Amino acid sequence: MGRWPEFVQIKEVGPRDGLQNEKKHVSTADKVHWINMLSDSGVKEIEYSSFVHPKWVPALSDAHEVGQKIKRNPDVRYSALVPNMKGLELALEAGIDGASVFMSASESHNKKNINKSIDETYPILQEVINEAKQAGKHVTGYVSTVFDCPYEGKITPEQVVRVCDRLFEFGVDDISLGDTIGTAVPSQVDQLLDVVLARFSKEKIIMHYHDTRGMAIANIMASMEYGITRFDSSIGGLGGCPYAPGAAGNVATNDVLYLLHGLGIETGMNDKKLQEAALYIQNKLGKTLPSKSLAYTASQL
């Protein structure tokens, strides 16, 4: 087993990163039922919504109501994306356990996504992080476009480290590094993690892969060889960034579990319950989700 970790922790981001780009409306009641299904799957963290202004992400305009109605599993951390102090105030009212703040390693993507430069973003996030920590909440920093940017092309590991340095300085508990447009290959993962892990503990780093070019599973394997044991994924492969043209969905939780369990790696998660949750949201959206293992399961029904 030496090559692979004994345990890998998955954060389920489907209810937030998965639904944010969907055109078809999913009712609040259906979201609540779906998140409750996910809560029973053995997952340890669910990012259930976003407290970004509804004008920007209308699909998640019911974040407050969803947060108040979901059935809380004491073994699950319920986190949400929080852009600013107003968003944090609403998120705390809704009962979040964790706050996720976000910015890009790319100046151009940051301006498109947040409408601010990187330097203008820091003081806003610093205030949110301080307040969230004072409220006793876990804080994760998302750094987008850590490999490639749709506007600037290649991003250097040094650019990524500069942003991580500031976020850790502000007090985040961990950082999720995002392949936002899903173009990275394992050699890029090696180049980035060589630099990042020379500076930060591997326990503080989460990897967040999109599967635009079908490389997400290969990139997860490359990351595990560096000792990374935490990954974000989205049930059924739902997802895509509204401000990253051409980005496909996140790597599918179902496919990641097929890989991990096939390698003998523990996750604490139940494949059958995950498949049921994926089939449920697939039915509500009225479209076939990209997960390969889900497609196989559906064909056997």
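Helices (H or I, at least four residues) and strands (E, at least two) are DSSP runs, numbered from the N terminus. This is a predicted model, in which local features need pLDDT of at least 70, side-chain atom pairs count only at pLDDT 80 or more, and totals for chains, interfaces and linings use all residues. Residues are numbered from 1 along each chain as its sequence is written, and side-chain values use heavy atoms, with hydrogens and water left out.

**Exercise 1. Two residues of strand E5**

Task: State where His138 and Ser144 are placed, and decide whether each is buried or exposed.

Solution.
Step 1. His138 is in strand E5, and Ser144 is also placed in that strand, which covers residues 138–144.
Step 2. Buried means under 20% relative accessible area, exposed over 50%, and partly exposed in between (1.4 Å probe, protein chains only).
Step 3. His138 has a relative accessibility of 18%, so it counts as buried. Ser144 is buried because its relative accessible area is 14%.
Step 4. Contact means heavy atoms within 4.5 Å. Leaving out residues up to four places away in sequence, His138 touches Arg77, Asp97, Gly98, Ala99, Asp173 and Asp174.
Step 5. With neighbours within four places in sequence set aside, Ser144 is in contact with Met103, Ser104, Ala105, His109, Gly178 and Thr180.
Step 6. From C-alpha to C-alpha, His138 and Asp174 are 8.8 Å apart in space, and they are 36 residues apart in sequence.

**Exercise 2. Positive phi in loops**

Task: For Asn115 and Thr145, give the phi value, the loop and the burial class.

Solution.
Step 1. Asn115 has a phi near 65°, a positive value in a residue other than glycine. Asn115 is found in the loop between H5 and H6.
Step 2. Asn115 counts as exposed because its relative accessibility is 66%.
Step 3. Thr145 is not a glycine either, and its phi is positive, about 50°. The loop that holds Thr145 runs between E5 and strand E6 (148–149).
Step 4. The relative accessible area of Thr145 is 0%, so Thr145 is buried.

**Exercise 3. A pair of helices**

Task: Describe how H6 and H7 cross and which residues meet.

Solution.
Step 1. Axes are lines fitted to C-alpha atoms, for helices over the stretch in contact, and angles run from 0 to 180 degrees between N-to-C directions. The axes of helix H6 (residues 118–134) and helix H7 (residues 157–170) come within 9 Å and cross at roughly 35°.
Step 2. A crossing is left-handed if the near helix is turned anticlockwise from the far one by less than a right angle, and right-handed if clockwise. The crossing of H6 with H7 is right-handed.
Step 3. On the H6 side, the contact is made by Tyr122, Leu125, Gln126, Ile129 and Asn130; on the H7 side, by Arg162, Val163, Arg166, Leu167 and Phe170.
Step 4. Ala, Val, Leu, Ile, Met, Phe, Trp, Tyr, Cys and Pro count as nonpolar, Asp, Glu, Lys and Arg as charged, and the others, Gly among them, as polar. The residues of this contact divide into six nonpolar, two polar and two charged.

**Exercise 4. Pockets and a cavity**

Task: Give the volume and lining of the largest pocket, the second largest pocket and the largest cavity.

Solution.
Step 1. On a 1 Å grid over the protein atoms alone, a cavity is a set of points where a 1.4 Å probe fits but cannot get out, and a pocket is an open set with protein on both sides within 12 Å along at least five of seven lines; lining residues have an atom within 4 Å of a point. Grid points are joined across faces, edges and corners, and a volume is the space filled by probe spheres set on the points.
Step 2. The largest pocket holds about 870 Å³ of space. Of its 42 lining residues, Val52, Leu81, Pro83, Phe102 and Asn113 are the closest to its centre. H5 gives the most to this lining, with five residues. The lining has 19 nonpolar, 16 polar and seven charged residues.
Step 3. The second largest pocket holds about 210 Å³. Its lining has six nonpolar, five polar and three charged residues. H10 and helix H12 (292–300) each supply at least two residues of that lining.
Step 4. In H10 (residues 253–262), seven of the ten residues are buried.
Step 5. The search of the whole structure finds one cavity of 30 Å³ or more. The largest cavity has a volume of about 60 Å³, and its lining consists of Gln9, Ile10, Lys11, Glu45, Ile206, Arg230, Phe231 and Asp232.
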